[in-house]
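Q: Could you take me through one part of this model at close range? I would like to follow its charged side chains and how open they are to the surroundings.

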Amino acid sequence: MASAMIKSSIRSALRGGASNRTPAYKRTFASSAHHDEAREAAKWEKITYVGIFTCTILSIFNLSKGHPHHEEPPPYPYLHIRNKEFPWGPDGLFEKKHH
């Protein structure tokens, strides 16, 4: 066992002591991404508020304009063909009574 440790230390010494050196770059895992995520979340929060404000203004504008009223269509006689009297009387259930 001691000979295996000596062989591995000799190999690492011949390779230039690579086991003791740190790499030129430093790997940063999720800890550095936190700042980017916070910035991205703040950006989308601002976009959301601007979108809500814009939709509210457009809705108020569209609802305040009003809409055109069309005149009633002419009373076509073929639309009210009744071959049989209704049980509640001669007029339709939801029509104005002509008494």
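A: **Salt bridges in helix H2**

Asp 36 counts as partly exposed because its relative accessibility is 45% (buried means under 20% relative accessible area, exposed over 50%, and partly exposed in between, with a 1.4 Å probe and protein chains only). Before going on, please note that this is a predicted model, where local features need pLDDT of at least 70 and side-chain atom pairs count only at pLDDT 80 or more, while totals for chains, interfaces and linings use all residues. Residues are numbered from 1 along each chain as its sequence is written, and side-chain values use heavy atoms, with hydrogens and water left out.

Asp 36 pairs with Arg 39 in a salt bridge whose closest N and O atoms are 3.8 Å apart; the term stands for a side-chain nitrogen of Lys or Arg within 4 Å of a carboxyl oxygen of Asp or Glu. About one helical turn separates Asp 36 and Arg 39, because they are 3 residues apart in helix H2. Helices here are DSSP runs of H or I with at least four residues, strands are runs of E with at least two, and both are numbered from the N terminus.

The structure holds 2 salt bridges. Another pairing joins Lys 43 to Glu 40, at 3.2 Å from N to O. Lys 43 and Glu 40 also sit in helix H2, 3 residues apart, or about one turn of the helix. Lys 43 is partly exposed, because its relative accessibility is 39%, and Glu 40 is partly exposed with a relative accessible area of 39%.

For the wider setting, the protein chain has 2 helices and 0 strands. Of its 99 residues, 4% are buried. In the segment after helix H2 (30–65) lies Tyr 78, which counts as exposed because its relative accessibility is 53%.
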